[in-house]
Amino acid sequence: MSGFTLSRRSVLGAGIGGATLATMGSFPAAAQSEARLRMFWWGAKERAERTDKVNQLYQQKNAGLTIAGESLGWTDYWPRLATQTAGRNAADVLQMDYRYIFEYARRGALLPLDSYVPAALNLGDFSKAAVDSGRVDGKIYGVSLGLNSTSLIYDKALIQTLGLKEPSWEMTWKDIGDLAVEITKAAKRNGFTGIQDGGRDEPALEVWLGQRGKSLYSPEGKLGYDDKDIAEWFAFWQDLRKRGGCAAPDTQALDRGEIDSSLLSLGKAAMVFAHSNQLVGFQAINKSKLGLSTFPDGGAGAKPGQYLKPAMMWSVSAQSKQPEAAVKLVSFFVADIEAGKLLGVERGVPPSAAVRATVAPTLDELGRAMADYITLISEKVGPLPPPPPRGAGEIQTVLRRVNELVGFGKLSPADGAKQFVAESTAVLARG
């Protein structure tokens, strides 16, 4: 899925220490009163419905309070948030991702929450790791909404109907590639392939690199790989493309980085890369029964490529006129039992021990599958990687563009790798 970086120009040139920048596509102007909070998150319809139910419950318990919520897809969320933050029009409560929390916090866009613990923010039964996942430079800027990891979501019913083996944790990249080719041949559907074109998918590339002892970025904010690594990555997908196992570039271009535009949801591929907590959202719009598996294994001697991360976090805008009220709303989402029942595991396995214990027996088949997946993968993951540096969001766009050029045959894997590394290095140099 794609992203957007909060640039030095958009922040310093506007809302945080600079002249005001006119906002585009922002929330409607609202009276700043003690009885109104704004909340902004990304996600599909399923998440919006669950979030709205919790907000309604909180309003019932807090007479006179109004919560105005808005959600967008991942791709549209980050440009909107950057624009609103720069224009000093950010919502009070913001959904935040590990990829971006360091940059937003260090630019002064987020409120440090330490002083609100425990009176307004209840993190009493969070593990130290769960609390620390929202820290930046020692201070709490985000509160985890759940644990998740990268995953392979697949059309379980179709693969069973075709009489093929379902993806499983011990299958290597070669095995998954071969399975994808078999699915394409057996399904005999025009424009349908076994798997998406994963060459453009940064989380998949990150796992591939991690299994080889490399990383997307070094602790110093430099690239953690070289031309040879990327050439091998592009070559794997180029070979799979030629064998008919993965989507053609014009088909893959239909994927806008959202659940509803995923090739799985569009009926164009049987397997796609996603995050484990997205299984609920995928199943909600897919009639065929879906399954959940790990990313392909790196083979003998490989290192762990996947890791556990906060699926997402709540943060409070530093611009909020009602910071304590916003913090209390965050606390309700993560620590209240009834709220936990409404949220389930759509945002990941709850980090609160009490909420997790209450929610577990109520989970449906999908919820149990997600919880079981986290249990399975917990024994196979590596450490949380260094936070992405400024410009990392732009590099995601570069990866998609260059992979498409390789897919259309305009660049060889080797030449595509050189171009990608050169452009990515230039992006990081600009900061």
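The following is a conversation about how terms are applied to the sheets, cavities, pockets and backbone of a predicted model.

Colleague: How do you know which residues of this model can be read in detail?

Modeller: The model is predicted, with residues numbered from 1 along each chain as its sequence is written, and local features need pLDDT of at least 70, side-chain atom pairs count only at pLDDT 80 or more, while totals for chains, interfaces and linings use all residues. Side-chain values use heavy atoms, with hydrogens and water left out. The mean pLDDT of the protein (the predictor's confidence in each residue, from 0 to 100) is 90, and 92% of its residues reach 70 or more. Over residues 1-33, however, pLDDT stays under 50, although the model has 79 contacts (heavy atoms within 4.5 Å) beyond four places in sequence for that stretch. Where pLDDT is low, the predicted coordinates should not be read in detail.

Colleague: What makes S9 and S11 edge strands?

Modeller: Helices (H or I, at least four residues) and strands (E, at least two) are DSSP runs, numbered from the N terminus, and two strands pair if DSSP finds at least two bridges between them. Under that rule, four strands form an open sheet of mixed pairing in the order S9-S10-S8-S11. Strand S9 (193-195) and strand S11 (290-293) each have a single partner strand, so one side of each is left without a neighbour in the sheet, and they stand at its edges. Neighbouring strands of this sheet are turned by 25° against each other on average, direction ignored, where axes are lines fitted to C-alpha atoms, for helices over the stretch in contact, and angles run from 0 to 180 degrees between N-to-C directions.

Colleague: How do you know that S8 and S11 pair?

Modeller: Four bridges join strand S8 (residues 150-155) to S11 in the antiparallel sense, against the required at least two; among the residues involved, Asp155 has Leu290 of S11 as its bridge partner.

Colleague: Which strands form the edges of the five-stranded sheet, and what packs on that sheet?

Modeller: The order is S2-S1-S3-S13-S6, in an open sheet with mixed pairing, and strand S2 (66-72) and strand S6 (143-144) are called edge strands because each pairs on one side only. Within this sheet, strand S3 (residues 93-96) and strand S13 (residues 313-316) run antiparallel and are joined by four bridges, with Met96 opposite Met313 in S13. Helix H3 (residues 74-86) packs on the sheet by touching strand S1 (36-42), S2 and S3, and its direction makes about 140° with that of S1.

Colleague: Why is the space beside Leu145 and Phe333 called a cavity?

Modeller: On a 1 Å grid over the protein atoms alone, a cavity is a set of points where a 1.4 Å probe fits but cannot get out, whereas a pocket is an open set with protein on both sides within 12 Å along at least five of seven lines, and lining residues have an atom within 4 Å of a point. The whole structure has four cavities of 30 Å³ or more, and the largest has a volume of about 120 Å³, a volume being the space filled by probe spheres set on grid points, which are joined across faces, edges and corners. The largest cavity is lined by 14 residues, of which Leu145, Phe333, Leu343, Gly344 and Pro350 lie nearest its centre, and helix H12 (323-335) and helix H13 (337-343) each supply at least two residues of that lining.

Colleague: What is the make-up of this lining by class?

Modeller: Ala, Val, Leu, Ile, Met, Phe, Trp, Tyr, Cys and Pro count as nonpolar, Asp, Glu, Lys and Arg as charged, and the others, Gly among them, as polar; on that basis the lining of the largest cavity has eight nonpolar, four polar and two charged residues.

Colleague: What lines the second largest pocket?

Modeller: The second largest pocket has a volume of about 380 Å³, and of the 19 residues that line this pocket, the closest to its centre are Glu220, Gly221, Pro388, Pro389 and Arg390. Helix H4 (98-106) and helix H17 (413-430) are the elements that give two or more residues to the lining of this pocket, which divides into nine nonpolar, four polar and six charged residues.

Colleague: Which peptide bond is cis, and where does Pro118 lie?

Modeller: The bond from Val117 to Pro118 is cis, with omega near 5°, and Pro118 is found in the loop between H4 and helix H5 (128-132).
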